[in-house]
Amino acid sequence: MNELPTLTPPPSDFILSLHKAELQLHLEGTVDPPTLAELSRRHPTPLSTTNNRYSNIEESGRVFSEEEARELYAYANFTGFMWAFKAVTERLRTADDYELVTYRMMQKLQAQNVLHAEVYISAGVVQWRGQEFAPLFAGAERGRRRGEQDFGLSLFWIFDAVRHFGIEEAGRVVDEAIRFKDRNVAGVGIGGDERKAGAKQFREVYAHAAEHGLRLTVHAGETAGPESIWGALRELKADRIGHGLRAIEDPELVRYLAERQVPVEICITSNVLTGCCSAVEQHPVRKLFDAGVLVTLNTDDPDMFHTTLAREYQIAHQVFGFSDDEIRQLAKNSFRASFLPEGKKQEFLAKC
Ligand SMILES: [Zn+2]
């Protein structure tokens with residue numbers, strides 16, 4: 001397992017006070033150990049599911065103390081991270097659970113002066129498990145509305161499908177996104193194993209989403225090479241690339257991204273901890289930024305990767321020498337790359 005970069009000092013006041021947006025944030029990855037312990041007490045019985053392939057039935061009935069939840073998050077390899085992620089998703093079972101984790105996520109975002117977030121919700125995982133998504137999403141929406149009121153934060157949802165669950169599953173996720181389009185659902189995304197399921201097969205599913213006015217993001221170039229990013233751009237017409245760090249292996253691709261200002265959702269700590277990047281110093285964030293790519297900084301699964309958005313900005317400063325002006329540019333990029341309507345974008349940009 002790669003080491004987390006040590007930060008001295010912690011995020012500066014300048015970084016904390018900077019207004020910013022977060023564009024790659026998985027709701028399930030914002031569940032902290034106390035909340036996981038709380039959820040596990042709410043659900044002390046195993047998950048009954050119509051699709052056992054995804055679930056570990058016995059584990060899903062375990063009650064965690066806060067200490068045990070912390071131990072689960074102190075994993076030593078990628079499999080350990082997957083277990084932690086599953087432990088959370090298996091305990092998100094009711095509308096109230098979704099409301100709770102959405103509200104707490106927004107509270108943590110406000111503490112770092114995040115004004116707008118575009119949050120992935122794993123509709124694909126919920127459906128794969130055999131649960132109905134609509135009532136759970138209604139809970140998440142309750143959390144969003146309360147969070148907007150209490151923290152003054154704007155939030156869009158991105159419904160997330162899983163590549164290796166196949167085309168039909170992805171199609172169902174898109175259908176749900178179309179159905180709930182008027183409830184702050186800005187777009188669809190797809191994650192999962194890039195090597196097992198290339199972009200091409202999802203072409204029609206993505207075209208269907210675009211026809212209904214949904215915006216498109218694709219996790220690509222995280223575990224697979226530049227060809228995966230080309231696939232996301234050419235086959236799926238992605239508006240934004242999730243991760244995209246391996247674009248750096250193809251100079252033509254870097255030029256393409258820079259010329260067309262295709263935003264890239266960079267997640268430094270995530271890439272180091274999952275082993276996609278061998279060490280933090282090896283991360284291409286600086287090279288991509290210097291090449292003119294529209295780089296944004298994000299956390300991916302902050303509580304599971306022991307990070308915050310402010311921490312990611314501090315890493316950019318401390319490890320990669322981003323100046324205050326460049327840090328401000330990254331914050332501006334986060335609004336420019338968002339799916340906000342133009343007027344709202346300008347309003348937020350004026351605050352950077
Ligand atoms: Zn992600």
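Donors are taken here as N, O and S atoms within 2.8 Å of the metal (3.2 Å for Na, K and Ca), and since water is not among the atoms, sites may look incomplete. With that in hand, the donor residues of the zinc ion follow the sequence spacing Q-x1-H-x192-H-x80-D. Two of them tie distant parts of the chain together: Q24 sits in strand β1 (residues 20–26), while D300 belongs to the loop between β8 (295–297) and α14 (309–320), 276 residues apart. Helices (H or I, at least four residues) and strands (E, at least two) are DSSP runs, numbered from the N terminus.

A word on the model and its conventions is useful at this point. The structure is a predicted model, in which local features need pLDDT of at least 70 and side-chain atom pairs count only at pLDDT 80 or more, whereas totals for chains, interfaces and linings use all residues. Residues are numbered from 1 along each chain as its sequence is written, and side-chain values use heavy atoms, with hydrogens and water left out.

Returning to the metal, the protein donors of the zinc ion are Q24 (OE1), H26 (NE2), H219 (NE2) and D300 (OD), at 2.0 to 2.2 Å from the ion. The angles among the four donor atoms run from 78 to 161 degrees, and the site is classed as irregular. For reference, four donors count as tetrahedral if all angles lie between 85 and 135 degrees; four count as square planar and six as octahedral if opposite donors are over 155 degrees apart and all others between 65 and 115; anything else is irregular. Q24 is buried, at a relative accessible area of 0%, and D300 is buried as well, at 4%. In this scheme buried means under 20% relative accessible area, exposed over 50%, and partly exposed in between (1.4 Å probe, protein chains only). The backbone of D300 also deserves a look, as this residue has a positive phi of about 75 degrees although it is not a glycine.

N113 likewise has a positive phi, of about 60 degrees, without being a glycine. This residue lies in the loop between α5 (95–110) and β2 (114–121) and counts as partly exposed, with 27% relative accessibility.

Attention now turns to empty space. Rolling a probe the size of a water molecule over the atoms shows where such space is left. On a 1 Å grid over the protein atoms alone, a pocket is an open set of points where a 1.4 Å probe fits, with protein on both sides within 12 Å along at least five of seven lines; lining residues have an atom within 4 Å of a point. Grid points are joined across faces, edges and corners, and a volume is the space filled by probe spheres set on the points. The largest pocket holds about 820 Å³ of space. Its lining comprises 32 residues, of which F78, F81, M82, H164 and G192 lie nearest the centre. The elements giving two or more residues to this lining are β1, α4 (78–89) and β3 (154–162), and α4 gives the most, with seven residues.

By character, the lining of the largest pocket divides into 12 nonpolar, 12 polar and eight charged residues. Ala, Val, Leu, Ile, Met, Phe, Trp, Tyr, Cys and Pro count as nonpolar, Asp, Glu, Lys and Arg as charged, and the others, Gly among them, as polar. At least three lining residues come from each of domain 1 (13–31 + 113–349) and domain 2 (33–91), with bounds from an automatic or database domain assignment.

Several further buried positions complete the picture. A37, in helix α2 (residues 33–42), is buried at 1% relative accessibility; the C-alpha atoms of A37 and F64 are separated by 5.0 Å, with their positions 27 residues apart along the chain counted as apart. Helix α14 contains R311, which counts as buried at 15% relative accessibility. R311 and L16 are 295 residues apart in sequence and 9.0 Å apart in space, C-alpha to C-alpha.
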